Amino acid sequence: MHQAFRGSILHFLDDPGQLGGAGAYEYFEDGLLVVEDGHVTGLGPAPELLPRLPRGAPVADYSGRLILPGFVDAHVHCVQTDVIGSYGSRLLEWLENHTYPAERAFADPAHARAVAGVFVEELLRNGTTTALVMGSVHAASVDAVFEAGQAQGMRLIAGKLMMDRNCPEYLRDTAEAGYAESKLLIRRWHGRGRMQYAISPRFAPSSTPAQLAAAGRLAREHPDAYVHTHVAENEEEVAWVRRLFPERRSYLDVYDHYGLLRRRTLLAHGIWLDDDDRARLAATGAALVHCPCCNLFIGSGLFDLRRTLDAGVAVALGTDVGGGTSFSPFHTMLAAYYVGREGHTKTGMSLTPGQLWWQHTAGAAQALGLAGVVGNLRPGAEADFVVLNPQATPLLARKTAQANSLDELLFALIVLGDDRVIERTVVSQAV
Ligand SMILES: [Zn+2]
């Protein structure tokens, strides 16, 4: 059945780079989005497309609203939903004091289901329609988040953590159990509807060489599954990896050695990498996920986007809840702008509103190998989109009314926006 949505419609086709970014986006001030069986079948000016709609097709009128693709959150921990806003320490203490105890509770499937329901609703309430999700070491945490995502019709990529050392006993699997449980979950979930699996060693310090080798074996056996982990987030962590793997050139080289760098590998953070690492990422097609809210909150450092992009590495944005402080893509885009700025201790760049939006929608989809599937509203894409209200708060109404260009409008939303701006989130299978 056809359905149509009328409003101001914007989506990105390429990284817009500089202000203006002509050719990188399409904008229809009075636009029409036509959806059939959960897929976009038409997009263009409303006066042109309306007469071609089948008779009786419903048209939802969002005049005065902006329709954009749903956001893609490329790194988030479902099991840390309740860890958000935990005060204090740096990464390794933060894991010990807050994260590991919270993850322990996911051995109980009822708890896992309850949190997964809240998590998925938070994503959608904030306009996120696709997410790459880390579970806990327990398979039940992954079943729960896939079930919750499936019930909402959204697209999720998730995996159980593999961790067999340097973490509390109660969160450990083994190299073999981690392999076998991941394999079972891949069979159960990968490619089922909109669900896809991510092979997820937590990070190099919490896996033995035998477990990293098992993860590499899984990655070889399932080339279309994802690999999802953390890399070079914090200086103490990097020093620890150097002690644990003295024979490897760098933290990234540990993953490379075990066959974990390839397309569909997403590594969160990547703050403390060097140019050789970045060249290796570009050569293998592995992508980085920039999680600025988390990096600022935990004090891990400032991601060097300029050098990363110059090296040809794909970058997506992630909230990294619960080290991240918000499910809101607006907060993440604003934090990415702060971190990117000139004047810090690294190469500076003023990210344009279009670049920020690109990295949280179509650019993130591209980094995930999902270009053309989600992230923009080209015909054929899955119809995941958000309806934004630029007048959601008094200050936003005042500011957006003064916008003289699309960039000014988008930047006002990035700086002042949050979940109040999201009037509606639509996911493909629910249309
Ligand atoms: Zn993380």
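Which residues are the protein donors of the zinc ion? The close-ups below come from a predicted model, and they start with that site.

**View 1. The zinc ion and its protein donors.** Three histidines and an aspartate do the job here: H75, H77 and H230 each offer their NE2 atom, while D320 uses OD. These atoms sit 2.1 to 2.4 Å from the zinc ion. Look at the angles between the four donor atoms: they run from 87 to 174°. To count as tetrahedral, all angles would have to lie between 85 and 135 degrees, so with that spread the arrangement comes out as irregular.

**View 2. Where the donors sit along the chain.** Written as a pattern, the spacing of the donor residues is H-x1-H-x152-H-x89-D. H75 belongs to strand β5 (residues 71-77), and D320 is in the loop between β13 (315-317) and α12 (329-340), so this pair ties together parts that are 245 residues apart in sequence.

**View 3. H75 and D320, buried or exposed?** H75 has 0% relative accessibility, so it counts as buried. D320 counts as buried too, because its relative accessibility is just 3%.

**View 4. A look at N389 and its surroundings.** Now we switch to another spot. N389 is found in the loop between β14 (385-388) and α15 (394-401). Even though N389 is a loop residue, it is buried, with a relative accessible area of 13%. Its side chain reaches the backbone nitrogen of Q391 at 2.8 Å. Leaving aside residues up to four places away in sequence, N389 touches R65, V421 and E423.

Methods: Residues are numbered from 1 along each chain as its sequence is written. This is a predicted model: local features need pLDDT of at least 70, side-chain atom pairs count only at pLDDT 80 or more; totals for chains, interfaces and linings use all residues. Side-chain values use heavy atoms; hydrogens and water are left out. Donors are N, O and S atoms within 2.8 Å of the metal (3.2 Å for Na, K and Ca); water is not among the atoms, so sites may look incomplete. Four donors count as tetrahedral if all angles lie between 85 and 135 degrees; four count as square planar and six as octahedral if opposite donors are over 155 degrees apart and all others between 65 and 115; anything else is irregular. Helices (H or I, at least four residues) and strands (E, at least two) are DSSP runs, numbered from the N terminus. Buried means under 20% relative accessible area, exposed over 50%, partly exposed in between (1.4 Å probe, protein chains only). A polar contact is a pair of N or O atoms within 3.5 Å; within protein, one must be able to donate a hydrogen and the other to accept it, and residues adjacent in sequence count only if both atoms are side-chain atoms. Contact means heavy atoms within 4.5 Å.
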